[in-house]
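User: Could you take one part of this model and walk me through it closely, then show me how it sits in the rest of the chain? Keep it casual, I have the structure open.

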Amino acid sequence: MTPASTRTSPFPAHTNPGPGAAFPSATTLEEQRILIFAPIGNDALLTATFLMQAGLSTQACASMRNLADRVKEGCGLILLAEETLNPQAMPVLSAALSSQPSWSDIPVIIVTSASELSQIRLQRLELLGRDTNVSLLERPFRAVTLQRMAEVALRTRLRQYQVRDLLGEVQRSESRVRRILEQTAVGLAELDLDGKFTLVNEQFCAMVRRPHAELLGLRITDIVHPDDQAASISRRNMLKSGHASRSVIEKRYLRPDSSVVWVQDHLSIIRDPFGSLCGIAVASADITDRKFAEEIAGRARDEAVAASRAKDDFLAALSHELRTPLNPVLLLASEGAGNLDYPKTARDDFETIQRNVSLEARLFDDLLDLTRITRGKLSIDPRTHDLHSSLRDALTTVAEDARLHRLKLQLNLSSADAAVHGDPVRLQQVFWNVLKNAVKFTPDGGTITITTRTTKDRAVVTITDTGMGMNPDEMNRIFDTFAQGDHAAGHGAHRFGGLGLGLAISKTLIELHGGTIAGESGGRGLGSTFTIELPLVRTKGKVEISAAPRPAESPPPFPASGDTRRRRALVVEDHEPTRVALARLLTRRNFEVSTAGSVAEALSVAARTGIELILSDIGLPDGTGYDVMRELSTVHGVRGIALTGYGQEQDIAQSRAAGFAAHLTKPIDVRSLDKALDELSAMSAA
């Protein structure tokens with residue numbers, strides 16, 4: 001076995017590789033070594049010495065059993081003389097080679113003689129196995145030939161080690177992925193293009209309460225709730241068609257016990273190495289608790305909405321019930337206050353009644369405004385007008401109370417041009433609320449000063465009183481709903497009256513106009529100041545002044561259109577005092593009046609006598625005023641005025657839809673009635 005041109009020298013059993021070592025340091029010395037076995041031990045030592053001098057690690061083996069033991073420890077190449085392959089050694093070598101791991105195929109070089117019979121060689125190779133990595137080197141051979149064959153074999157072995165390391169890394173990566181998949185709180189699954197499960201983690205199995213083996217035999221449609229099937233299939237088809245690469249859907253999976261688990265599925269497409277769609281990845285998060293919480297919150301929200309609606313309905317019904325008995329009082333009082341045929345003392349008494357009933361009606365309006373605010377339904381009807389007109393109208397409403405308390409009203413309108421884009425009626429309401437409080441909390445003989453000015457882009461109104469003032473705590477809550485000052489606590493708590501709604505509503509109204517309202521006070525006994533700022537509108541020319549209707553000294557005997565003929569009117573009202581009062585007022589306005597207390601009676605009277613105008617309450621014993629109006633406007637072309645204690649936006653819209661030309665909210669001032677009659681008369685004339 002000794003190669004040509006070598007010399008005999010002592011050689012230790014294990015050597016370190018030289019600088020030309022074939023293997024990097026990532027492999028061990030055992031994995032790099034060449035195991036050599038020859039029948040003559042000196043031949044093995046000489047060959048080992050030669051290869052060591054070429055920079056290769058070697059180890060001479062004393063027997064085939066010794067070589068097989070070294071193979072288990074690791075080697076890069078086996079170098080054998082054919083003489084060692086006797087019947088006793090062959091099974092030992094074959095067993096050592098067949099026990100290799102799947103990645104390993106140890107190169108074997110057998111040094112053979114040219115005189116060896118080919119048939120014998122083949123038999124030996126058959127015993128080693130057909131797939132054994134064997135190379136034959138015939139004697140005689142040059143030393144360099146052995147070196148080159150050994151280096152080639154070792155490079156082959158190096159690639160095997162690289163495969164081993166790569167497989168190990170893959171296995172470690174797969175192990176990490178498996179640990180991640182099993183430890184994640186998200187259920188993970190893969191589907192083929194037919195929707196069949198090809199992979200699921202333990203969390204997904206636990207989520208749907210089905211074993212791993214069962215799921216791999218199912219399609220996803222087998223566990224989706226029937227009500228969610230269409231949406232689930234649609235999302236998968238969208239991914240399969242290429243219209244999206246990912247999608248999210250909330251749906252229910254059915255468990256074997258027929259219970260459900262709500263999940264949020266994140267779907268994404270899987271492509272093969274060639275870029276073709278081959279499956280769909282599913283990441284499922286259990287959202288059952290969230291859905292349960294949403295259901296509870298939804299029920300609570302529905303209950304809150306129902307409670308709020310019930311409260312609103314109650315306030316509306318309460319407002320209607322309280323307004324109805326006040327209606328004839330305000331109608332008669334407002335007419336009597338302006339009737340010059342009555343003595344002045346009687347007119348003053350009527351004026352007192354009218355003012356106080358109007359204040360009561362204002363409280364009802366505040367309650368309804370509060371309902372509109374909580375529903376987000378409070379609205380304004382803005383138009384460009386002179387701010388001073390709304391301010392003067394508000395002053396008119398408090399002037400009598402100020403006179404009774406001997407209060408001095410100082411008006412300093414320093415701004416000549418105070419055009420704003422706002423709702424004149426709502427702004428009058430704001431000013432009235434602030435002025436009403438100033439009058440209420442200012443002692444007799446005090447002063448209330450109203451000042452206006454303009455800045456570059458704002459109109460500023462300041463209302464200052466010399467009243468009882470407020471402490472810091474009162475100022476912090478002055479615009480809160482139902483807020484009352486400290487004066488409202490303890491003995492005499494109600495001597496100032498009020499519900500604490502006016503300023504809260506005013507703040508909302510001013511904010512709807514894009515403005516601000518603020519209050520300040522130096523403390524108890526030092527008065528209060530309220531400052532209202534609104535966006536200023538720069539106009540060219542004269543600004544339209546929108547003023548509230550002024551009280552008439554006496555009601556007009558006829559509609560403003562000048563039509564003097566007696567017209568036929570029908571009053572439909574189940575509240576008898578209101579029905580009688582309205583009939584008398586209309587008679588004095590040159591109407592021929594019929595009355596009815598129900599839908600059936602109203603339709604019967606209209607069919608029998610024929611009418612031109614109807615004034616109808618909405619709530620009637622056998623139906624609604626809407627029913628009456630629809631019938632009479634369709635059949636007889638009658639115009640109508642709705643009279644009701646319900647004054648919310650939806651009520652007004654409903655009366656318009658039924659055919660009413662005007663909607664008056666009880667209690668009704670005679671001036672409002674006259675204005676509505678005049679407008680209807682003008683419409684008829686047109």
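Analyst:
**Helix H13 and its surroundings**

Let's start with Val425, which sits in helix H13. Keep in mind that this is a predicted model. Is Val425 buried or exposed? Val425 is exposed, because its relative accessible area is 58%, and the cut-off for exposed is over 50%. Its C-alpha atom is 9.5 Å from that of Ala394, a residue 31 places away along the chain.

Ala394 belongs to the next helix to look at, H12. H12 and H13 pack with their axes 8 Å apart and at an angle of about 35°, and the crossing of H12 past H13 is right-handed. On the H12 side, the residues meeting H13 include Leu387, Leu391, Ala394, Leu395 and Val398, with Ser390, Asp393, Thr397 and Asp401 also among them. On the H13 side you'll find Pro424, Leu427, Gln428, Phe431, Trp432, Leu435, Lys436 and Val439.

Now for the core. Which residues touch the most other members of the largest nonpolar core? They are Leu387, Phe431, Leu435, Ile448, Ile450, Val461 and Ile532, out of 37 residues in that core. The elements that each put two or more residues into this core are H12 (387-404), H13 (424-441), H15 (502-512) and the strands S14 (447-454), S15 (458-465) and S17 (528-535). H13 gives the largest share, eight residues. As a general point, nonpolar side chains in soluble globular proteins tend to be buried together.

Ile532 is a good residue to click on. Leaving aside residues up to four places away in sequence, Ile532 touches Val430, Phe431 and Val434, then Ala459, Val460 and Val461, and also Ile510, Thr516 and Ile517.

Next, the sheet beside these helices. It is an open sheet of five strands in the order S12-S14-S15-S17-S16, and the pairing is mixed. Strand S12 (408-413) and strand S16 (516-521) are at the edges with a single partner strand each, so each has one side without a neighbour in the sheet. From one strand to the next, the twist averages 10°. S12 and S14 are joined by six bridges in the parallel sense, and Leu413 stands opposite Thr452 in S14. H12 packs on this sheet, touching S12, S14, S15 and S17, and its direction makes about 170° with that of S12. H15 lies across S16 and S17, at about 25° to S17.

Further along the chain there's another open sheet, with five strands in the order S19-S18-S20-S23-S24 and parallel pairing. Its edge strands are S19 (591-596) and S24 (662-665), each pairing on one side only. Neighbouring strands here are turned by 20° against each other on average, ignoring direction. S23 (residues 639-644) pairs with S24 in the parallel sense over four bridges, and Leu643 stands opposite Leu664 in S24. Helix H18 (residues 625-635) packs on the sheet and touches S18, S20 (613-617) and S23, with its direction at about 160° to that of S20. Helix H17 (residues 599-609) lies across S18 (567-572) and S19, running at about 145° to S19.

Back toward the start of the chain, two more spots are worth a look. Helix H4 (residues 89-98) has seven of its 10 residues buried, so H4 is largely enclosed by the rest of the structure. The buried ones in H4 are Ala89, Met90, Val92, Leu93, Ser94, Ala96 and Leu97.

Then there's strand S6 (residues 187-191), where the side chains alternate. Gly187, Ala189 and Leu191 point to one face and are buried, whereas Leu188 and Glu190 point to the other and are not. S6 pairs antiparallel with strand S10 (residues 277-286) over five bridges, and with S7 (residues 197-200) over three, again antiparallel. Ala189 stands opposite Val282 in S10 and opposite Val200 in S7. S6 and S7 form a hairpin with five residues between them, and Gly195 in the turn has a positive phi of about 85°.

Zooming out, the chain has 686 residues, and 44% of them count as buried. Its secondary structure comes to 20 helices and 24 strands. Among contacts with a separation of 6 or more, 68% involve residues 24 or more positions apart. The accessible surface is about 34000 Å², with 54% of it belonging to carbon and sulfur atoms.

Methods: Residues numbered from 1 in each chain as written. Predicted model: local features only at pLDDT ≥ 70, side-chain atom pairs only at ≥ 80, totals over all residues. Heavy atoms only, no water. Core = buried A, V, L, I, M, F, W, Y, C linked by side-chain atoms within 4.5 Å. Buried < 20%, exposed > 50% of the residue type's maximum accessible area, 1.4 Å probe, protein only. Contact = heavy atoms within 4.5 Å. Areas by Shrake-Rupley, 256 points an atom, 1.4 Å probe, with all protein chains shown as cover. Pairing = 2+ DSSP bridges. Axes fitted to C-alpha atoms, helices over the stretch in contact; angles between N-to-C directions. Left-handed = near helix turned anticlockwise from the far one by under 90°.
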